[in-house]
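Here are some notes to go with your first look at this one. Have the viewer open and follow the points in order.

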Amino acid sequence: MFEHLATVVPDPILGLMAAFRADPEMRKVDLGVGVYRDGQGNTPVLESVRAAESALIARQTTKSYVGPAGNPGFNQSMEQLVLGAAHPALAAGRVRSVQTPGGCGALRLGAELIRAARPDTVVHVSTPTWANHTPLLAGSGLRLERYPYFDPATGGVQFEAMTAALERLPAGAVVLLHASCHNPTGADLSQSQWRELLALVRRRELMPFIDMAYQGLGEGTDADAFGLRLFCAELPEVLCAVSCSKNFGLYRERTGSLHLISSSTGAADAALSQLVRIARGIWSMPPDHGAAIVQAILADEDLRTRWASEVEAMRRRIEELRLELLQQLRRHCPQRDFGFIARQRGIFSFFGIDTAQVHALRERHHIYMTDDSRMNIAGLRRENLEYFVRAVAEVLSG
Ligand code: LMR
């Protein structure tokens, strides 16, 4: 059965993680995989998570199944966190939610629902997009196409080219959008661009599928959800895939949610029954622990306040690192404009160097970023920032 199978080249992000781990050099710098790191280079368990977790373990009475849609309390808390408690779609009863194994599970579940509803649907993703969007979405059998998004000349969004491409799509086409902290570029839509996009999506009858993996790490918990909330309030149907990996630091607990906004409560109930059927056929029922932690935090005023200040601290550290990095780059590489670093949001930046330069950083300086020059800003620290910038200057000078 299996002897003819060829060895698969690792996914670019996972391959880089393995290469970094195998490098014995002490000075090595990991700007690869997208995890938040603190000033000591650690990805800590948040204090609010630790407190919620200890209380949970002490009072847990069973390990019995949670059910295919997951923990109802978690789903409800996530709806309120993602959409805002007073959101009109919630008041109208148009939202249905399913707990998923991470944001990845939500993306796949959403894709499977689209495939069940309209198998010929094409999903349009940004150029570039997160490397794992392709296998997660196309793995459901849907076809993927690309629309222009990142402008290497400015480090921002090519909004005119993006909207011109979306204008040409047929009704019913799915457009995958990043709510904030675009992965891999860090280039986000402004509020006025979200509004313009809303008019286009409505006019062309497109179906938005919004991926929100970094709520709170860009400009703040509400600001990062601006476009998502606007679309969910104004459009009949939206799918939102949400991850708790980054903002709750729950990476390995695989905690996420899929939220479906439907045109009516009846359509929402029918779609939820389909989601439950699909989930049952893939992972049956989601893992409990991460979602139980999130629910405990969001339901308790004190824990929620502690969590919010921890997310804010992460966000500020990323913002400060961006400014420090820019200052150092201006000092050591004055010939090049890196101003985009301060304008981009979240942990990623498309650094704008070519693959040979990325490889030179890796081979000569043990600095790891993906070949497309996506760097995880949070991988920098006071202690290695100057080392990184000097290495960049050396590589840029040939
Ligand atoms: C990343 O983009 O590096 C993270 O979202 C981790 C992953 O699974 O790729």
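1. Let's start at the ligand. Arg 374 has a polar side-chain atom 2.8 Å from an oxygen atom of the ligand. The protein covers 80% of the 260 Å² of accessible area that the ligand has on its own. Keep in mind throughout that this is a predicted model.

2. Two other polar contacts are worth clicking on. Trp 130 places a polar side-chain atom 3.0 Å from an oxygen atom of the ligand. With Gly 34 it is the backbone that takes part: an N or O atom of its main chain sits 2.7 Å from a ligand oxygen.

3. Which residues surround the ligand? Going along the chain, they are Ile 13, Val 33, Gly 34, Trp 130, Asn 183, Tyr 214, Lys 246, Phe 348 and Arg 374. Sorted by class, this shell has 5 nonpolar, 2 polar and 2 charged residues.

4. Asn 183, a member of that shell, deserves another look for its backbone. The bond joining Asn 183 to Pro 184 is a cis peptide, with omega about 25°. You'll find Pro 184 in the loop between strand 7 (174-178) and helix 8.

5. There is a cis peptide bond from Thr 127 to Pro 128 too, and its omega is near -5°. Pro 128 belongs to the loop that runs between strand 3 (122-127) and helix 6 (133-138).

6. While you're checking the backbone, look at two serines. Ser 373 has a phi near 70°, which is positive although the residue is not glycine; its place is the loop between strand 12 (367-368) and strand 13 (374-376). Ser 284 also has a positive phi, near 70°, and it lies in the loop between helix 10 and helix 11 (289-299).

7. Now zoom out. The protein chain has 15 helices and 13 strands. Its C-alpha atoms fill a box of roughly 65 × 55 × 55 Å along the principal axes. Is the chain compact or extended for its length? Its radius of gyration is 21 Å, and because a compact globule of 398 residues would come out near 21 Å, the two agree.

8. The second largest pocket has a volume of about 590 Å³. Its lining takes in 22 residues, and those nearest its centre are Ala 117, Arg 118, Gly 172, Met 207 and Glu 237. Helix 5 (102-117), helix 8 (191-204) and helix 10 (265-282) are the elements that each give two or more residues to this lining. Helix 10 gives the most, with 4 residues. By class, the lining holds 14 nonpolar, 4 polar and 4 charged residues.

9. Then there are the closed spaces. The structure holds 2 cavities of 30 Å³ or more. About 50 Å³ lies in the largest, which is lined by Leu 217, Gly 218, Arg 315, Ile 318, Glu 319, Arg 322, Gln 344, Arg 345 and Gly 346. That lining divides into 2 nonpolar, 3 polar and 4 charged residues.

10. How does the lining of the second largest cavity divide by class? It has 5 nonpolar, 2 polar and no charged residues. The residues in question are Tyr 36, Thr 43, Pro 44, Leu 46, Gly 249, Tyr 251 and Met 314, and the volume they line is about 30 Å³.

Note on methods
Residues are numbered from 1 along each chain as its sequence is written. Side-chain values use heavy atoms; hydrogens and water are left out. On a 1 Å grid over the protein atoms alone, a cavity is a set of points where a 1.4 Å probe fits but cannot get out, and a pocket is an open set with protein on both sides within 12 Å along at least five of seven lines; lining residues have an atom within 4 Å of a point. Grid points are joined across faces, edges and corners, and a volume is the space filled by probe spheres set on the points. Ala, Val, Leu, Ile, Met, Phe, Trp, Tyr, Cys and Pro count as nonpolar, Asp, Glu, Lys and Arg as charged, and the others, Gly among them, as polar. A residue is near a molecule or strand if one of its heavy atoms lies within 4 Å of it. A polar contact is a pair of N or O atoms within 3.5 Å; within protein, one must be able to donate a hydrogen and the other to accept it, and residues adjacent in sequence count only if both atoms are side-chain atoms. Accessible areas come from the Shrake-Rupley method with a 1.4 Å probe; for residues, only the protein chains shown count as cover. The radius of gyration is taken over C-alpha atoms; the globule rule is 2.2 Å times the number of residues to the power 0.38.
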